Amino acid sequence: MQNEIVIPPPARLGNDVVIAKGLKKAFGDTVLFDNLSFSLPRGGIVGIIGANGAGKTTLFRMIAGKEKVDGGSLTIGETVQMAYMDQARELNEGNTVYKEVSEGNDVIMVGKREMQARAYLAQFNFKGADQQKKVKDLSGGERNRLHLSKLLKAGGNLLLLDEPTNDLDVDTLRALEEALVGFPGCAVVISHDRWFLDRIATHILAFEGNSETVWFEGSYRDYAEDFRKRKGADADRPHRIAYRKLVRS
């Protein structure tokens, strides 16, 4: 039987989710991005794409309040309840999978409803003896699934997911797709998996290199077509990421 991930119904999200106006971020003399503006859609799924080091994770950290803004403004809506899945995937290495999620309770709160901990873990393909595995012995994909289960259990109407598909098995990947498409809040997903993004994204925020970003309303496929029209013959050639240098006045 295919896995089914159920994201708890979140608290109602107001019209203002995250509004960025003219955002700027630099490290030393390297400008990651400049004049970045967008307004996250209340019921949308935003795919964030770009080369490693372009500034995608830095933007997430700024939204989560873990990184300062160098210029422009970043406003978080009053109704936003944020759930942030970062790349660190920090877990208690000494726990079993079951204890890491259940905290020793047979019945857990998933959002605002009660659920059997073992049944909840089974949604993330942890079944039977797998629930007794030690966290320290998990593979990368298993750690990813476990981290997802902890994040989604808590609830949240704004999901920030940094590379959630890394090393996921096909069943869990498909279940995550369906769960996100049915999610009534806002989800923002950093991913290099273009097929995954094409199935879920309603908007694309692209870090295109040379410290430039593009906000695009539409699917990944529509964005890719637009990119080829704008860039012409260079569109499909691999490029090393380039940055603008910070000009000091």
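**A six-stranded sheet and the chain around it**

In this predicted model, strand E10, which covers residues 203-209, lines up with E11 in the antiparallel sense, and six bridges join the pair. One of the matched positions is easy to pick out in the structure: Ile204 has Phe216 as its bridge partner in E11. As a reminder, the strands of a sheet pair through backbone hydrogen bonds, and they can do so either parallel or antiparallel.

Zooming out a bit, E10 and E11 belong to an open sheet of six strands. Reading across it, the order is E5-E8-E9-E3-E10-E11, and the pairing is mixed. Strand E5 (82-85) sits at one edge and strand E11 (212-217) at the other, so to speak, since each of these edge strands pairs on one side only. On average, neighbouring strands in the sheet are turned by 15° against each other, with direction ignored.

Now for the whole chain. Seven helices and 12 strands make it up in terms of secondary structure. Its radius of gyration comes out at 19 Å, close to the 18 Å that the globule rule gives for 249 residues, so the chain is as compact as a globular protein of that length. Taken along the principal axes, the box filled by the C-alpha atoms is roughly 60 × 40 × 30 Å.

What about the inside and the outside? Of the 249 residues, 49% are buried. The chain exposes about 12,400 Å², and carbon and sulfur atoms supply 46% of that area. Contacts also reach along the sequence: among those with a separation of 6 or more, 67% come from residues 24 or more positions apart.

Terms used
Residues are numbered from 1 along each chain as its sequence is written. This is a predicted model: local features need pLDDT of at least 70, side-chain atom pairs count only at pLDDT 80 or more; totals for chains, interfaces and linings use all residues. Side-chain values use heavy atoms; hydrogens and water are left out. Two strands pair if DSSP finds at least two bridges between them. Helices (H or I, at least four residues) and strands (E, at least two) are DSSP runs, numbered from the N terminus. Axes are lines fitted to C-alpha atoms, for helices over the stretch in contact, and angles run from 0 to 180 degrees between N-to-C directions. The radius of gyration is taken over C-alpha atoms; the globule rule is 2.2 Å times the number of residues to the power 0.38. Buried means under 20% relative accessible area, exposed over 50%, partly exposed in between (1.4 Å probe, protein chains only). Contact means heavy atoms within 4.5 Å. Accessible areas come from the Shrake-Rupley method with a 1.4 Å probe; for residues, only the protein chains shown count as cover.
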